Amino acid sequence: MGKYFVYLSMLTLLGACAGNDSNAQHQKISAEKDTLNRMVLIPGGVFAMGADDSTGMPDEYPKHTVRVDSFWMDEHEVTNEAFAAFVAATGYVTTAEKPLSKEELMASMLPGSPEPDSSMLAAGALVFTPPDHAVPFDDVSAWWSFVPGANWRHPDGPGSDLKGREQMPVTQVSWQDAQAFAQWAGKRLPTEAEWEYAARGGLSGQLYPWGNEELTAGKPKANTWNGNFPFRNTKTDGFYAAAPVKSYSPNGYKLYDMSGNVWEWCADWYDANYYTTSGKQASNPAGPARAYDPEDPAAAKRVIRGGSYMCSDEYCRGYRVSARMKTTPESGLSNLGFRCVRSVQR
C-alpha cells in the first residue's frame with residue numbers, strides 16, 4: 001500500500017543489510033541490545049481477555065479465556081536512543097524515509113482515480129497538527145496531516161529533531177520497521193494476547209493496568225490528554241505530547257507505559273470479529289489468518305494497543321487494558337511506537 005492510501009485509510013480509521021562487523025564491533029552492538037531496554041519475565045498463566053465493562057467497543061467482546069506461556073517483555077517502549085543504535089548498526093531506512101514511485105501509488109488507489117499530485121510521492125508520515133478551537137470528532141483531518149519529511153528522526157516534520165527526546169519512545173515507525181528492529185535485537189513483537197496479559201499486570205477483571213481507579217482520580221497514572229481534545233491540553237499529567245519512558249509508576253509486572261504515551265504495534269492481523277470466532281478457550285493465540293476491518297475493508301491492518309497521549313475520556317479511551325485499535329502496517333504516526341518480547345527458551 002502506498003502512503004497516499006495509508007493516509008486516507010488512517011483518516012477513516014482514527015475516527016478512531018548490516019555490514020560485516022568485526023567481532024569487537026559485534027560484541028559492542030550486542031551489549032547495546034542488552035542494556036538499552038531491560039526485559040521483565042512475565043509468568044505464564046490463564047486470564048480473561050476482552051472487555052470487563054459496558055464501555056468496551058464491539059470488537060472487545062466476548063470476554064474469553066486465554067492461556068499464555070511465560071515470555072520476556074521490554075520494560076518500556078523502544079526509545080529513540082535504542083532505535084538510533086539499530087540504524088547505526090544496520091543502515092536501515094524506515095518506511096517513512098522512502099519516497100514512492102507514481103506506479104506504486106497508482107497501484108494502491110481505486111481504479112479510475114486521477115493521477116496523484118507529486119507532493120503525495122514524497123517521503124513522510126502523519127503528524128498530529130491540532131487546531132486552536134473545538135472541532136467535530138468525525139473529521140480527524142482537523143488534527144492529522146501528512147507531512148513530507150516527517151520520520152523517526154524528525155517526528156513532527158523537517159523542523160523537528162531528537163534533541164532532548166533520546167529517552168522518549170521512537171515514533172513514525174511502521175510495523176515493518178518494528179519487525180526489523182525486533183529481529184536485529186533477537187526479539188519479536190508481542191501477540192495481542194501477550195500484550196493484554198502483560199498490561200493487566202497480574203490483576204483480574206480490572207479496567208486499567210493499575211486497577212479500577214479512574215484515570216483522572218488521584219495522582220497522574222499515565223500520559224494521556226488532559227483538557228479538551230484536540231485543541232486544549234492542560235498538561236495535568238506533566239506532558240503535552242510523548243513523555244520519556246518510565247515517567248509513571250509501573251504495573252504489577254514492573255512494566256511501564258502499558259497505558260498511554262504511544263500506541264504499540266502487535267504481531268497480529270486485526271479482525272473485528274476475531275473474538276467471536278476464536279473459541280471460549282485459546283492457548284497462545286497468534287491472531288487471525290487474515291485481516292478484516294468493517295470500517296475500511298479494503299485495507300489489511302495490524303493490531304495496535306495501549307492508547308497514547310491523545311486519548312481522553314471524551315474522545316478515545318484506548319488506555320483501557322482491553323481496548324483494541326488497528327492501522328495499516330505501512331503507517332507512520334507521531335503517537336505510535338512499539339516494545340518487544342522474547343520467548344522463554346525451553
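Are Tyr274 and Tyr275 buried or exposed? Here is a short friendly tour of the aromatic rings, with that pair coming up in point 4.

1. A word before you start: the model you are looking at is predicted. The aromatic pairs in it come to a count of 26.

2. A good pair to find is Trp143 with Phe229. Their ring centres are 5.2 Å apart and the planes meet at 80°; over 60 degrees counts as edge-to-face, so this pair belongs to that class. Along the chain the two partners are 86 residues apart, and the pair links distant parts of it. Trp143 sits in the loop between β5 (124-128) and β6 (144-148), while Phe229 sits in the loop between β7 (227-228) and β8 (232-233).

3. Now look at how much of each partner is accessible. Trp143 has a relative accessible area of 0%, and Phe229 has one of 2%. Buried means under 20%, so Trp143 qualifies, and Phe229 does too.

4. Back to the opening question: both Tyr274 and Tyr275 are buried. These two tyrosines also form an aromatic pair, with 6.4 Å from centre to centre and 55° between the planes, which is a tilted arrangement.

5. Tyr275 has a charged partner as well: Arg324 lies over the face of its ring, 4.4 Å from the ring centre. Elsewhere, Arg302 lies over the face of Trp269, at 3.6 Å from the ring centre.

6. Finally, step back to see Trp143 and Phe229 in a wider setting. Ring pairs join both of them into a cluster with Phe128, Phe137, Trp144, Trp225, Tyr240, Tyr309 and Tyr315.

Note on methods
Residues are numbered from 1 along each chain as its sequence is written. This is a predicted model: local features need pLDDT of at least 70, side-chain atom pairs count only at pLDDT 80 or more; totals for chains, interfaces and linings use all residues. Side-chain values use heavy atoms; hydrogens and water are left out. Rings of Phe, Tyr and Trp (its six-membered ring) pair if their centres lie within 6.5 Å; planes under 30 degrees apart count as stacked, over 60 as edge-to-face and the rest as tilted. Helices (H or I, at least four residues) and strands (E, at least two) are DSSP runs, numbered from the N terminus. Buried means under 20% relative accessible area, exposed over 50%, partly exposed in between (1.4 Å probe, protein chains only). A charge sits over a ring if NZ of Lys or CZ of Arg is within 6 Å of the ring centre and within 35 degrees of the ring normal.
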